[in-house]
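Okay, thanks everyone, I'll keep this short. Have a look at the chain on the screen while I talk you through a few spots.

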Amino acid sequence: LTGAGWPARLVRPLRALPRPDSATLDSAGRARAAESAFRARPGVAAPPVRAGSPPVVVLLDDIVTTGVTLAAAARVLTATGLSPSVAAVLAATEKRRLP
């Protein structure tokens with residue numbers, strides 16, 4: 001972003017806590033695990049808002065399956081004043097339909 005002329009800075013406001021491997025969980029289990037998976041790092045504050053230019057907070061995840069991890073992370077970020085404007089993922093999976 002900065003190479004393209006956009007003012008940007010990398011912030012790591014979340015701490016991921018240990019949780020079970022989501023590959024072994026169903027959707028409800030993933031949701032329960034995600035709800036307790038993140039904590040805000042102390043001392044991370046919302047960036048200053050410039051007049052007429054609110055910050056764009058991008059939430060980045062490596063993969064999206066059900067979306068519960070992104071939703072849980074967004075809730076923690078919002079509580080710290082870093083409400084995500086958009087989420088980006090590097091990969092996605094197709095939900096399997098059981099016969």
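Let's start with strand β3, where the side chains take turns: Leu59 and Asp61 point to one face and are buried, while Val58 and Leu60 point to the other face and are not. Before I go on, please keep in mind that this is a predicted model. The strand I'm talking about, β3, covers residues 58–61.

What does β3 pair with? It pairs with strand β4, residues 86–89, in the parallel sense, over four bridges. If you want one bridge to find on the screen, take leucine 60, whose partner in β4 is alanine 88.

Now, the one in β3 that I'd like you to look at is aspartate 61. Which side chain of opposite charge is nearest to aspartate 61? That's arginine 19, and it is 6.4 Å away. A salt bridge here needs a side-chain nitrogen within 4 Å of a carboxyl oxygen. Aspartate 61 has no salt bridge, and yet it's buried. As for what aspartate 61 touches, leaving out residues up to four places away in sequence, we get Thr69, Leu70, Ala88, Val89 and Leu90. So that you can place two of those: alanine 88 is the residue we just met as the partner of leucine 60, and Val89 falls in β4, which is residues 86–89.

There's a similar story with a positive charge. Arginine 30 sits in helix α1. Arginine 30 is also buried without a salt bridge, and its nearest side chain of opposite charge, aspartate 26, is 7.0 Å away. Not counting residues up to four places away in sequence, arginine 30 touches Ser22, Ala23, Leu25, Thr65, Thr66 and Val68.

So how many salt bridges does the count come to? One. Side chains of opposite charge can pair when their charged atoms come close. Here the pair is arginine 75 and glutamate 35, at 2.1 Å from N to O. Arginine 75 is in helix α2, residues 68–79, and glutamate 35 is in helix α1, residues 27–35, so the pair ties together parts that are 40 residues apart in sequence. Buried or exposed? Partly exposed for arginine 75, at 47% relative accessibility, and partly exposed for glutamate 35 too, with 46%.

Staying in helix α2, have a look at alanine 72. This one is buried, with a relative accessible area of 4%. Alanine 72 touches Ala34, Glu35 and Phe38, again not counting residues up to four places away in sequence. Glutamate 35 is of course one end of the salt bridge. You can also check alanine 72 against arginine 32: they're 40 residues apart in sequence and 9.8 Å apart in space, C-alpha to C-alpha.

Let me zoom out to finish. The chain has two helices and four strands, and along the sequence they run β-α-β-β-α-β. Among contacts between residues at least 6 apart in sequence, 70% join residues at least 24 apart. Of the 99 residues, 20% count as buried. The accessible surface comes to about 7,400 Å², and 58% of that belongs to carbon and sulfur atoms. On charges, there are 13 positive and 6 negative, and their mean positions are 8 Å apart. And if you're wondering about dimensions, the C-alpha atoms fill a box of roughly 55 × 30 × 20 Å along the principal axes.

Key: Residues are numbered from 1 along each chain as its sequence is written. This is a predicted model: local features need pLDDT of at least 70, side-chain atom pairs count only at pLDDT 80 or more; totals for chains, interfaces and linings use all residues. Side-chain values use heavy atoms; hydrogens and water are left out. Buried means under 20% relative accessible area, exposed over 50%, partly exposed in between (1.4 Å probe, protein chains only). Contact means heavy atoms within 4.5 Å. Accessible areas come from the Shrake-Rupley method with a 1.4 Å probe; for residues, only the protein chains shown count as cover. Lys and Arg count as positive and Asp and Glu as negative; His and the chain ends are not counted. The place of a charge is taken as NZ of Lys, CZ of Arg, CG of Asp or CD of Glu. Two strands pair if DSSP finds at least two bridges between them.
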